[in-house]
Amino acid sequence: MHILHVVGARPNFMKAAPVLRALNTWPAAKQTLVHTGQHYDFNMSDVFFSQLDMPAPDVNLGVGSGSHAKQTAEIMSRFEPVVLEHRPDVVVVYGDVNSTVAAALVCAKLGVQVAHVEAGLRSFDRTMPEEINREVTDRLANLLFTPSEDGDINLRNEGVPAERIFRVGNVMIDSLVRLLPVAERLPRNGFPERYALVTLHRPANVDDSEVLRKILESLVAISQRMDVIFPVHPRTRQRISGFGLDTGKLRLLDPLPYIEFLAMQRRAAVVVTDSGGIQEETTYLNVPCLTLRNNTERPITVTMGTNLVIGQDGDTLLAELSNIIAGKSKKGSVPPLWDGHAGERIAEILQRL
Ligand code: UD1
């Protein structure tokens, strides 16, 4: 059986690595890895391949950045000939980035089976480009691998037949479980005992100068009481300098490699983020997480985990951070099937096909 995997952006890599690894133990599986090139900087892409022990991509489409339409269209037109040449039996797509939906659309039109890893998540907010990517990908997918029960419920409500839905658990947590011991052995490298860790990259938070200014003001205010470490996504760095915003004593870093960032999360007193995956990783690590969004497609991190979705307002952020500094933080537990074996469950299902 020929399985072709498509990855493109940073959050795809830690999801694909465990599936590739699990399928490697199956001699009848021929695997091809395609990188769309949506993310291309060394520290947004290459370093993840080496740390996650992934094979080099067989094909890199080299699409780079662009508007949503341009990037999606570019991936589609460059990916179609690859599918025609390789003729895979199934194409596995991951998460909710533009590469995910573009690849799914190409395969659906060519009559090639699509498997979606991390299916069924919904924020019910179409102002998020990822929500559109999730809805369309799930509509087109033949096999839908969900991380949690809410995913199954959303898919059933949208009319997806039960026999196509497989609750396999959280594949991204597989990478975390495997590499946490390595992360825990990293030296602190001069980072303080107690700090807040921040990541921000969503257009809703960083493309509006007023929203971003208020968030940064609150973080700067908190940095008087606790160190604030902020690895900055390239988009956010461009906005901070473009808007001429003050970052005071915040410790701005370049985006971190996977293992270094995992160590940072593990040791943080609190994580402030607008990422999807980090809401899940902090839940697994039992580290309080404040999510700067109005909703989440990962509600289990709130109902079971350590996540609080607090909206985009800087004043609320300041109040919630003060609560955590005062020792009032949300406790949580690890959701079912977030156990480090989701990739193996996916491989087993693909073998049964
Ligand atoms: C993408 C995903 C988002 C995911 C995020 C993780 C979509 C719609 N969005 O958002 O779901 O959470 O990745 O990072 O697919 N850039 C670089 N170097 C790179 C990559 C990007 O400088 O290697 C800069 C470019 O200016 C680019 C901008 O970042 O225009 C945004 O990149 P893009 O891939 O369009 O979206 P992300 O914001 O990274």
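Select Val302 and display its surroundings: apart from neighbours within four places in sequence, Val302 is in contact with Thr296, Asn307, Val309 and Lys330. The model on screen is a predicted one. Val302 belongs to helix α13, and its relative accessibility of 29% makes Val302 partly exposed. Add Ser322 to the selection and draw the C-alpha to C-alpha distance: Val302 and Ser322 are 20 Å apart in space and 20 residues apart in sequence.

**The whole chain**

Zoom out to the full chain and colour by secondary structure; 15 helices and 13 strands should appear. The C-alpha trace spans about 60 × 40 × 40 Å along its principal axes. How does the radius of gyration of the chain compare with that of a compact globule? For 353 residues a compact globule would have a value near 20 Å, and the chain, at 20 Å, agrees with this.

Switch next to a surface representation. The accessible surface of the chain is about 14,200 Å², and carbon and sulfur atoms contribute 51% of this area. Of the 353 residues, 57% are buried. Among the contacts with a separation of 6 or more, 68% are between residues 24 or more positions apart.

Colour the charged side chains to continue. There are 37 positive and 41 negative side chains, and the centres of the two sets are 2 Å apart. The chain contains 25 salt bridges.

**Asp96 and its two arginines**

Select Asp96 together with Arg134. The two form a salt bridge in which the closest N and O atoms are 2.6 Å apart. Arg134 is in helix α5, residues 129-140, whereas Asp96 is in the loop between β4 (90-94) and α4 (98-110); the pair links distant parts of the chain, 38 residues apart. Are these two residues buried or exposed? Both Arg134 and Asp96 are buried.

Keep Asp96 selected and add Arg298. The side chains of Asp96 and Arg298 also meet in a salt bridge, with an N to O distance of 3.9 Å. Arg298 is in the loop between β12 (289-291) and α13 (300-303), and 202 residues separate Arg298 from Asp96. Asp96 and Arg298 are both buried.

Now extend the selection to the network of salt bridges around these residues. Its members are Lys15, Asp96, Glu118, Glu131, Arg134, Glu280, Arg293, Glu297 and Arg298.

**Glu118 and Asp53: positive phi**

From that network, centre the view on Glu118. This residue is found in the loop between β5 (113-117) and α5. With a relative accessibility of 8%, Glu118 counts as buried. What is notable about the backbone of Glu118? Its phi is positive, at about 85 degrees, although Glu118 is not a glycine. Most residues other than glycine have a negative phi.

Move to Asp53, another non-glycine residue with a positive phi, here near 60 degrees. Asp53 lies in the loop between α2 (46-51) and β3 (59-60). Asp53 is exposed, with a relative accessible area of 57%, whereas Glu118 is buried.

**Asp207 and Arg239**

Select Asp207 and Arg239 next. They form a salt bridge whose closest N and O atoms are 2.7 Å apart. Asp207 is in the loop between α8 (203-206) and α9 (209-222), and Arg239 is in helix α10 (residues 234-243), so the salt bridge ties together parts 32 residues apart in sequence. Asp207 is partly exposed at 32% relative accessibility, and Arg239 is partly exposed as well, at 22%.

**Thr32 in strand β2**

Hide the surface and select Thr32, in strand β2 (residues 30-35). Thr32 is buried, its relative accessible area being 3%. Which residues are in contact with Thr32, leaving aside its neighbours within four places in sequence? They are His2, Ile3, Leu4, His5, Asp58 and His86.

**Final stop: Gly159**

Restore the surface and select Gly159, in the loop between α6 (149-157) and β7 (165-167). With a relative accessible area of 52%, Gly159 is exposed. Add Ile75 and draw the distance between the two C-alpha atoms: Gly159 and Ile75 are separated by 28 Å, and they are 84 residues apart along the chain.

Terms used. Residues are numbered from 1 along each chain as its sequence is written. This is a predicted model: local features need pLDDT of at least 70, side-chain atom pairs count only at pLDDT 80 or more; totals for chains, interfaces and linings use all residues. Side-chain values use heavy atoms; hydrogens and water are left out. Helices (H or I, at least four residues) and strands (E, at least two) are DSSP runs, numbered from the N terminus. The radius of gyration is taken over C-alpha atoms; the globule rule is 2.2 Å times the number of residues to the power 0.38. Buried means under 20% relative accessible area, exposed over 50%, partly exposed in between (1.4 Å probe, protein chains only). Contact means heavy atoms within 4.5 Å. Accessible areas come from the Shrake-Rupley method with a 1.4 Å probe; for residues, only the protein chains shown count as cover. Lys and Arg count as positive and Asp and Glu as negative; His and the chain ends are not counted. The place of a charge is taken as NZ of Lys, CZ of Arg, CG of Asp or CD of Glu. A salt bridge is a side-chain nitrogen of Lys or Arg within 4 Å of a carboxyl oxygen of Asp or Glu.
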